[in-house]
Amino acid sequence: MSAPTDITSNPIDPSLAIQKEHLMPITPRPAICFVEGKGDYLYDQSGKAYLDLVQGWAVNTLGHSPTVIQQALLEQSAQLINPGPAFFNKPMINLAATLCSHSVFDQVFFANSGAEANEGAIKLARKWGQLHKSGAFKIITFQQGFHGRTLATMSATGKDTFAPLFEPKVDGFIKVPFNQLDATEQAIDKQTVAIMLELIQGEAGVIPADPDFVKGVEALCKKHNLLLIIDEVQTGIARTGSLFAYEQFQIQPDIMTLGKGLGGGVPISALLAKKHACCFEYGDQGGTFNGNPLMCASANAVLSTVLSPEFLPHINSVSEYFQQQLHTLSVTFGLGEVRGKGLLLALDTPHHSAPLIVQKALALGVLLNAPRENTLRFMPALNISHAEIDLGLACLTRILNDTQQAASC
Ligand SMILES: *Cc1c(COP(=O)(O)O)cnc(C)c1O
């Protein structure tokens with residue numbers, strides 16, 4: 001059989017039956033195919049619009065295809081796409097300088113995904129342990145925490161469903177209950193080199209760390225000479241209302257990782273560290289695509305927008321509004337807690353299946369996310385307007401009304 005001459009014009013079968021055969025089924029996907037995105041909206045192959053409150057899993061910081069990213073990618077792709085990781089390029093140098101000048105960190109290593117940045121953080125900590133702590137290698141991580149899907153980051157992850165998968169795991173990750181300082185200290189021994197955590201456990205259902213716990217963990221790291229690794233793959237790049245979430249906890253991590261929102265939709269992640277923890281030597285770390293100018297140009301465009309003076313106040317204003325409205329919804333329909341910061345928010349739905357609500361919302365043209373059976377998560381574009389939040393909430397109200405009516409007949 002011959003291949004189609006122009007695969008780009010291959011029409012999409014409305015049922016998607018033929019095309020999907022050739023994709024490994026790693027997640028249940030609805031039978032729609034998105035062909036366009038603009039700001040807060042996605043459009044499928046039939047032209048139907050969807051209000052997107054998920055944004056590629058908190059990835060599209062400025063919404064779909066914002067002009068600044070289009071321009072950055074267009075200009076950079078005309079200029080230089082990839083000289084290779086063993087050479088400097090301007091966007092890479094500029095991005096590293098911007099990230100360091102707006103954080104407590106001194107040096108950056110760029111990668112392509114959150115998992116890869118975390119894998120780098122784990123390697124950096126182990127190297128530091130070899131050099132400065134008699135080979136200490138154990139890293140304390142937290143139950144329900146999420147750090148990625150490479151073998152080491154799955155081993156670091158505290159999701160119960162990961163426990164039986166792909167054995168044997170990478171050794172040396174000690175899981176402790178989240179927000180429990182005593183248990184954390186008890187888990188420390190001579191072989192411990194670092195403590196790694198999220199400040200809001202996103203995949204677990206937007207579970208915030210207690211400020212006292214975080215301060216306590218920082219103090220434990222000082223007392224026991226451990227590195228404090230903060231995974232800001234989900235919380236970083238203004239998602240929680242400050243450029244980095246650690247600022248709100250008044251701590252100074254030794255190592256931080258970024259991913260998701262950094263590129264505004266394109267794959268780029270970063271491992272940042274303070275000088276004293278930067279101990280990679282030639283040959284320890286690398287990657288073919290790492291620090292390529294095309295992705296760095298996109299991240300630079302995201303940061304120049306996010307760092308403009310009106311941007312953070314906007315997030316905090318819509319966040320406050322969104323949280324108030326979610327509270328009202330919760331009271332009206334007898335739902336549960338509203339959690340989170342900035343535009344990483346969650347609403348518990350103790351008497352409703354959250355995945356079912358997500359399914360109904362999709363049919364009504366709104367994309368929502370359910371990280372747990374009874375939790376909805378909202379991670380819209382950071383430049384979302386009050387009007388779009390209202391539209392999303394109107395859809396939720398309609399679904400909950402319908403459910404209530406169905407239950408009462
Ligand atoms: C999404 C996520 C990761 C993994 O990032 P990938 O880009 O999917 O590899 C790691 N840590 C946290 C906190 C995340 O939310």
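Reader: Which residue's backbone nitrogen does the side chain of Glu-232 reach?
Author: The model is predicted, so local features need pLDDT of at least 70 and side-chain atom pairs pLDDT 80 or more, while totals for chains, interfaces and linings use all residues. Numbering starts from 1 along each chain as its sequence is written, and side-chain values use heavy atoms, without hydrogens or water. At 2.8 Å, the backbone nitrogen reached by the Glu-232 side chain is that of Tyr-246.

Reader: Where is Glu-232 placed?
Author: Strand 10 covers 227–231 and strand 11 covers 255–258. Strands are DSSP runs of E, at least two residues long, numbered from the N terminus. Glu-232 sits in the loop between strand 10 and strand 11.

Reader: How far from Glu-232 is the nearest side chain of opposite charge?
Author: Glu-232 is buried (under 20% relative accessible area, 1.4 Å probe, protein chains only). It has no salt bridge (a Lys or Arg side-chain nitrogen within 4 Å of an Asp or Glu carboxyl oxygen). The nearest side chain of opposite charge, Arg-239, lies at 10 Å.

Reader: Which domains feed the largest nonpolar core?
Author: A nonpolar core joins buried Ala, Val, Leu, Ile, Met, Phe, Trp, Tyr and Cys residues through side-chain atoms within 4.5 Å. The largest has 80 residues, with Leu-258 and Phe-378 among those with the most contacts inside it. At least three residues come from each of domain 1 (34–65 + 312–408) and domain 2 (67–306).

Reader: Is Glu-119 buried, exposed or partly exposed?
Author: Glu-119 lies in helix 5, residues 114–132. Its relative accessibility is 25%. Partly exposed runs between buried and exposed, which is over 50%, so Glu-119 counts as partly exposed.

Methods: Helices (H or I, at least four residues) and strands (E, at least two) are DSSP runs, numbered from the N terminus. Lys and Arg count as positive and Asp and Glu as negative; His and the chain ends are not counted. A polar contact is a pair of N or O atoms within 3.5 Å; within protein, one must be able to donate a hydrogen and the other to accept it, and residues adjacent in sequence count only if both atoms are side-chain atoms. Domain bounds come from an automatic or database domain assignment.
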